[in-house]
Amino acid sequence: MSCLFCRIIDGSIPSKAIYQDDQCYAFADINPQAPVHVLIVPRQHVASIAHAGKEHSALIGHLHWAAAEIARSKGLTQGYRTVINTGENGGQTVEHIHVHLLGGRPMIWPPG
Ligand code: AMP
Ligand code: ZN
């Protein structure tokens with residue numbers, strides 16, 4: 001299996017687990033861009049939201065629900081940012097859908 005995040009989900013590549021359930025796995029980003037930087041990934045391999053079908057809508061929604069749960073558990077009461085990068089111009093480097101949860105500092109807009 002060549003997908004990095006599928007290998008993290010199956011445990012063949014180590015990660016720091018933050019949250020998991022039957023649909024998703026969340027772990028610490030190896031190169032954090034904020035004091036809290038968690039990646040929430042579906043257990044099912046879908047390359048990007050551009051590859052997702054309507055049947056994946058609930059799954060993608062679940063990733064965002066999980067992000068909010070993790071934010072609550074981390075005490076991010078001042079707010080946070082969730083990001084999905086898609087494709088080359090979107091800055092996506094791993095082709096398995098993931099929500100970035102970034103928090104613990106003020107975010108700026110527009111993003112780079
Ligand atoms: P993106 O650029 O949106 O595709 O995000 C991919 C993210 O995966 C980046 O923030 C990387 O730092 C992160 N990443 C890459 N390899 C690992 C790894 N082995 N464990 C945890 N995070 C990783
Ligand atoms: Zn995958």
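Which residue stands opposite V41 in strand 3? Y25 does. The close-ups below start from that pair and come from a predicted model.

**View 1. Strand 2 pairs with strand 3.** Strand 2 covers residues 24–28. Strand 2 and strand 3 run antiparallel and are joined over five bridges. Look for Y25 opposite V41, which belongs to strand 3.

**View 2. Strand 3 also pairs with strand 5.** The sense is antiparallel here too, over five bridges. Find I40 and then look across to strand 5: the bridge partner of I40 is V99.

**View 3. Strand 3 is mostly covered.** This strand spans residues 36–42. How many of its seven residues are buried? Seven of the seven are. Now follow the side chains. V36, V38, I40 and P42 point one way. H37, L39 and V41 point the other way. Both sets are buried. In a regular strand, side chains alternate between the two faces of the sheet.

**View 4. Four residues hold the zinc ion (ligand 2).** Which atoms coordinate the zinc ion? C3 and C6 each offer SG, while H45 and H96 each offer ND1. The distances are 2.0 to 2.3 Å. The angles among the four donor atoms are 105 to 119°, and the site is tetrahedral. For four tetrahedral donors, the ideal angle is 109.5 degrees.

**View 5. The zinc donors are spread along the sequence.** Their spacing reads C-x2-C-x38-H-x50-H. C3 lies in the segment before helix 1 (4–9), and H96 lies in the loop between helix 3 (87–90) and strand 5 (99–103), so this pair ties together parts that are 93 residues apart in sequence. Are these two residues buried or exposed? C3 is buried, and H96 is buried as well.

**View 6. Ligand 1 sits among 16 residues.** Those that come nearest are D29, N85, T93, H98 and H100. Three contacts to oxygen atoms of ligand 1 are worth finding. N85 places a polar side-chain atom 2.8 Å from an oxygen atom of the ligand. H98 has a side-chain N or O atom 2.9 Å from a ligand oxygen. G91 uses a backbone N or O atom instead, at 3.1 Å from an oxygen atom of ligand 1. How much of ligand 1 does the protein bury? Taken alone, ligand 1 exposes 510 Å², and the protein buries 83% of that.

Conventions: Residues are numbered from 1 along each chain as its sequence is written. Chains are lettered from A and ligands numbered from 1 in the order in which they are written. This is a predicted model: local features need pLDDT of at least 70, side-chain atom pairs count only at pLDDT 80 or more; totals for chains, interfaces and linings use all residues. Side-chain values use heavy atoms; hydrogens and water are left out. Donors are N, O and S atoms within 2.8 Å of the metal (3.2 Å for Na, K and Ca); water is not among the atoms, so sites may look incomplete. Four donors count as tetrahedral if all angles lie between 85 and 135 degrees; four count as square planar and six as octahedral if opposite donors are over 155 degrees apart and all others between 65 and 115; anything else is irregular. Helices (H or I, at least four residues) and strands (E, at least two) are DSSP runs, numbered from the N terminus. Buried means under 20% relative accessible area, exposed over 50%, partly exposed in between (1.4 Å probe, protein chains only). A residue is near a molecule or strand if one of its heavy atoms lies within 4 Å of it. A polar contact is a pair of N or O atoms within 3.5 Å; within protein, one must be able to donate a hydrogen and the other to accept it, and residues adjacent in sequence count only if both atoms are side-chain atoms. Accessible areas come from the Shrake-Rupley method with a 1.4 Å probe; for residues, only the protein chains shown count as cover. Two strands pair if DSSP finds at least two bridges between them.
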